[in-house]
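Let's take a walk through the inside of this protein, starting from its enclosed space and moving out to the helices around it.

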Amino acid sequence: MNALTADFAGPPRAATIAAPSTVVTDQRASSLFIHIGMFGCLCLQRFCIYLGGSPIYVCLPLFFAALAWMLVTRRGAFRPLPVALYGAVAVAALVSALVAANSSDTRISSFSIGSLMSLLVLYAGYTIGPTDRFDGRRVFDIFLFYVRLCAVLGIAQYLAQFAGIRLFSFLVSFPVLRPILVEPLYNYWPILEYGSSILRSNGFFLVEPSTFSQLLALGIVVDVFIRRDWRFLPLYAVAYLVTYAGTGLLALAVACVLSVVVAPRGSGRIILFGLAMLIVAAIVALAFPSQFASLAGRANEVQYAGSSGYARYMLQFDAFDAVWGETRTLIGYGPGALDRATFYSAGSGNPIVKLFIDYGFIGLAAFALFFITSLWRRDVALVSLFAFANFQLGGGNLLFAPFVVMSGLLCIWAAPQVAGAAEPRNRRSAVRIS
């Protein structure tokens, strides 16, 4: 158990030698737990249960059921520091809701208790982490299995459309599934551009091409920087190309810059990776000139009003300008306030803006401390930094359960990484805590 998680597992109990059969059982149970989480986050990402008009992603109840299993079998335990910080977030959010219920603002039509409950329920899973009985050695391998599956299917999906086979939307292909699909809330028929008949790849299982690009970028981080395996970089590059989305690369670039500042010991690998990416980009530009030109052209979106890039990265400042300097910004305008505000523009919300408007400076600070403390791992710093960067830049990721759960699995449940070792060290020592 590494130093960052040792304090969260609770006091040690009597030590006994682990029997070989128990070790095997724990390994199998640990792998099954990760498979359940990753399968729900990625392969079942489009599926949900509507409750009061709001979607509950199928991956969330699956994950909580698996967490309960870990707690009951003592392979998981509550982590004291995240639990305390989670309580601070809950108190700040409840104070904001109480004030909003007893005061009004003409710019905000109402507030939503459902928004508050969604936030608290979704992030409750971060308060639980692995004990010494959990074997986290295969977390990254299992994650990469699903990333590569999505990459291969995404490429096949893109190419199949030129043969007349279009499997980009379950809603279109299997309309009977509409009541349990979250697709209507996303760009489920992602045409390349207005008037085009070409569709961008969404990795078959994922809700949007942008989500696919973020997953591929995270796969690159894990494969290249954690497992130090460069063999699948061409697969990720080609799959990324057919997404025509820039979000994943943007989050990856920001994470790399942050890593040079926060964890400079890995700067050499990051520079080498940057050179490799330039070489791959040059090869892709020569092999697929039209696709590369279209993808590169999306980098200029932020300059044009009406584009998704402009809405996501420029319009967000309008919300800050509308309330800046008001005393109420200390505690916020109530849960769900941003989405119901007259100064809100569709597509311009992001986690920082939403938390600031809904719960104020205090709520934003409490959540940031909880979020960073829960996911930060120095031994896999770039994975944590990517989770932080993508959380803010991905658009809508605050309440996007599939990525919230996936980040928790990678940053909390993976075994500590040992520098220079071929395989990561198991969390289990020779003595088992029972």
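**Around the largest cavity**

In this predicted model, α17 contributes more residues than any other element to the lining of the largest cavity, six of them. That cavity holds about 160 Å³ of space, and 16 residues line it. Closest to its centre you will find Ala 387, Asn 390, Phe 391, Phe 403 and Ser 407. Three elements each give two or more residues to this lining: α8 (209–226), α16 (381–393) and α17 (401–412). What classes of residue make up the lining of the largest cavity? Twelve are nonpolar and four are polar, while charged residues are absent. If you would like to look further, a search of the whole structure turns up four cavities of 30 Å³ or more.

Now let's turn to two of the helices that share in this lining, α8 and α17. Two packed helices can be described by the angle between their axes together with the distance between those axes. For α8 and α17, the angle is about 5 degrees and the axes lie 13 Å apart. Angles under 35 degrees count as roughly parallel, so α8 and α17 run roughly parallel to each other.

Which residues meet where α8 and α17 pack? From α8 come Thr 211, Gln 214, Leu 215 and Leu 218, and they meet Phe 403, Met 406 and Leu 410 of α17. By class, this contact comprises five nonpolar and two polar residues, with no charged ones. Phe 403 is a good place to pause: this residue of α17 takes part in the contact with α8 and is also among the residues closest to the centre of the largest cavity.

Notes: Residues are numbered from 1 along each chain as its sequence is written. This is a predicted model: local features need pLDDT of at least 70, side-chain atom pairs count only at pLDDT 80 or more; totals for chains, interfaces and linings use all residues. Side-chain values use heavy atoms; hydrogens and water are left out. On a 1 Å grid over the protein atoms alone, a cavity is a set of points where a 1.4 Å probe fits but cannot get out, and a pocket is an open set with protein on both sides within 12 Å along at least five of seven lines; lining residues have an atom within 4 Å of a point. Grid points are joined across faces, edges and corners, and a volume is the space filled by probe spheres set on the points. Helices (H or I, at least four residues) and strands (E, at least two) are DSSP runs, numbered from the N terminus. Ala, Val, Leu, Ile, Met, Phe, Trp, Tyr, Cys and Pro count as nonpolar, Asp, Glu, Lys and Arg as charged, and the others, Gly among them, as polar. Axes are lines fitted to C-alpha atoms, for helices over the stretch in contact, and angles run from 0 to 180 degrees between N-to-C directions. Angles under 35 degrees count as roughly parallel, over 145 as roughly antiparallel, 65 to 115 as roughly perpendicular and the rest as oblique. Contact means heavy atoms within 4.5 Å.
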